[in-house]
Amino acid sequence: MLLTNARVIDGTGRAPLERASVRVADGRIVEAGDGGFDGAGVEGAVDLGGRTLMPGLIDAHAHLSSDISRSPGFGPPPALHGELPRPRELGYFVLAKTACVLLAAGITTVRDVGSYDDEAIALREAVRLGIVEGPRILSCGRIISATAPGGAIFTTMYREADGADDMRKAVREQLRRGADYVKLMATGARSVLAEDPEPAQMTREELGAIVDEAHRLGVRVAAHVEGLAGARLAVLQGVDTIEHGLSLHREPALLDAMAERGIVLVPTLSTFHDLAERFTDDFAPALVEQAKRQLEEAYATLAAARDAGVTLAMGHDSGPPGDNAIELARMVDGGLTPLEGVRAATFGSATALGLSSELGTVVPGSLADFVVVDGDPLADVRMLCDPERIWMVVQGGKVVADRSPRVGEPAPA
Ligand SMILES: [Zn+2]
C-alpha cells in the first residue's frame, strides 16, 4: 500500500510533513515521507489530495461495557413495565456494535479499564480471532479494590482484596483471566456516594504489593487516583499510569516525579463533564456538586502536568462510542496545542499502554494503524469528532473503514 500527497502528522509531536508519502508492507509502515521519499507516479499509489494522515487514535481509558450507560440511544432502550426483561446476552451484541463504531471513528486501540464479567476480554478475543472487526483491546480483567462501598455498586467489575498477600493473589487471578495489565483503586470513586475520594483507599503495603507483583510478572499497573494521598502513594510506589489524577496540581513535586519516571497521566476530562453537566439528574446531588469542583481541578492538573513535562494520554471514560475524540478536543480547550493534543491521543496513549514502540506513531517500523481525515485537525481538532471526516481507517496495514470515494481529488481549499 502506498499513499501519496498526504499531510502526515506522525504522532511524535513533530511538525507535520507536507505532500508526504507513506508506504506499508506486511502490516507495518516502511517509509513515511522522510528523507525525500516520494511515491508520486508509482503504479497503484493512492493520491490523498493533501488530506491528513495520522496515527490511529488510542483511547487509554474506556469501559467498553459500562460506557453504554453514558450513551443514550446506543444500546437497546430500557424494557418497559410489562415487557420481558432484556436478556443480558444482548450486551454482547452491543459490545460488537461498539467495536465497529470505534473503529469507524478512527479508534484503532482501546485500553479497557474495567468491565463487568470479563466482557472486555471476551470482546478482545472476538476481535483477535476475526469474529468482529474492532480496535485492538487491552483489558485489566477486574479492577483490584480494597473492600469498599464501590464493590456493592460495581460488583463483577471489581476484585476486592485486603492485605498484601490477597493483593498479590488478586493480581495473579487477573492474569489467569487473561488480563493484559493490572488496574487498582488507590482512592475511592467520585461516582459512589459512600466513598470519600480524598483519602487513600489502600495502605502503602497493599498498593506496593500489587505493583511489585505485577511488575515482577511483567505487566503494567494503572491506578485510579482522585485525592492527593492516593496520588502520592501511587506515584511513589511506581505505578505506570495515573487515571484521573485531578488533585495532582496541588503538589507539583508529584508531577515532577511523574515526568522523571515516565508515569503517564490520563486526565479523563470528559467523565467530569458527564457528572458535573451531562447526567446531573442521574447522580446524587452531592456527587454532582463534588464533580463541579473536580472538573475545575482536572483542568488545573492538565495544565500543570503539561508544564511539568508529564506524558499525557487520551482517555474518554464516557460515551457514546465513537465520540472519544471529544476528549482530545477538551484537552486542547484546557491548554494543549492541537499538535500536543494529537500527540496525547496517539503516542501518549501508546506510551500509557506500554506499546509506544509499536503503536501511536506513523514512522518506519510502527504497525500500520492510521487514519486519513478530510481536513486539518491542527486547524480544528473538533473535526476528529465528525465521522464524515474520518475517511479511511487502516489497522495493521488493512483498510478497515473507508468512506473516501473522492480520494484523489484535491482537498477543498
Ligand atoms: Zn473510568
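I'll start with helix H6. Its buried residues pack against H5, strand E12 (221–225), strand E13 (241–244) and helix H7 (252–261). This is a predicted model, so please hear everything that follows in that light.

Which residues of H6 are buried? They are Leu228, Gly230, Ala231, Leu233, Ala234 and Val235. After H6 comes glycine 238, and its phi is positive, near 85 degrees.

Now to one of those partners, H5. Helix H5 covers residues 204–216 and helix H6 residues 228–237; their axes come within 10 Å and cross at roughly 40 degrees. Angles under 35 degrees would count as roughly parallel, so at this value H5 is oblique to H6. The crossing of H5 over H6 is right-handed. On the H5 side, the contact is made by Arg204, Leu207, Gly208 and Val211, and on the H6 side by Leu233, Ala234 and Gln237. Sorted by type, the residues of this contact are 4 nonpolar, 2 polar and 1 charged. Leu233 and Ala234, you may recall, are also among the buried residues of H6.

Next, a second helix pair, H8 and H10. Helix H8 spans residues 269–278, and it packs with H10 at an angle of about 95 degrees, the axes being 8 Å apart. The two helices are therefore roughly perpendicular to each other. From H8, the contact uses Leu269, Ser270 and His273; from H10, it uses Ile326, Glu327, Arg330 and Met331. Here the division is 3 nonpolar, 2 polar and 2 charged.

That leaves the metal site. Which protein atoms are donors to the zinc ion? They are NE2 of His61, NE2 of His63 and OD of Asp317, at 2.0 to 2.6 Å from the ion. Along the chain, the spacing of these donor residues reads H-x1-H-x253-D. Why does that spacing matter for how the chain is connected? Histidine 63 sits in the loop between strand E6 (57–62) and helix H1 (90–104), while aspartate 317 sits in the loop between helix H9 (285–308) and helix H10 (326–333), so this pair ties together parts that lie 254 residues apart in sequence. H10 is thus named twice in this talk: it borders the loop of aspartate 317, and it packs with H8.

Last point on the site: are histidine 63 and aspartate 317 buried or exposed? Both residues are buried.

To recap, we have an oblique pair in H5 and H6, a roughly perpendicular pair in H8 and H10, and a zinc ion with His61, His63 and Asp317 as its protein donors.

Methods: Residues numbered from 1 in each chain as written. Predicted model: local features only at pLDDT ≥ 70, side-chain atom pairs only at ≥ 80, totals over all residues. Heavy atoms only, no water. Donors = N, O, S within 2.8 Å, 3.2 Å for Na, K, Ca; no water. Helix = DSSP H or I, 4+ residues; strand = E, 2+ residues; numbered from the N terminus. Buried < 20%, exposed > 50% of the residue type's maximum accessible area, 1.4 Å probe, protein only. Axes fitted to C-alpha atoms, helices over the stretch in contact; angles between N-to-C directions. Parallel < 35°, antiparallel > 145°, perpendicular 65-115°, else oblique. Left-handed = near helix turned anticlockwise from the far one by under 90°. Contact = heavy atoms within 4.5 Å. Nonpolar A, V, L, I, M, F, W, Y, C, P; charged D, E, K, R; others polar.
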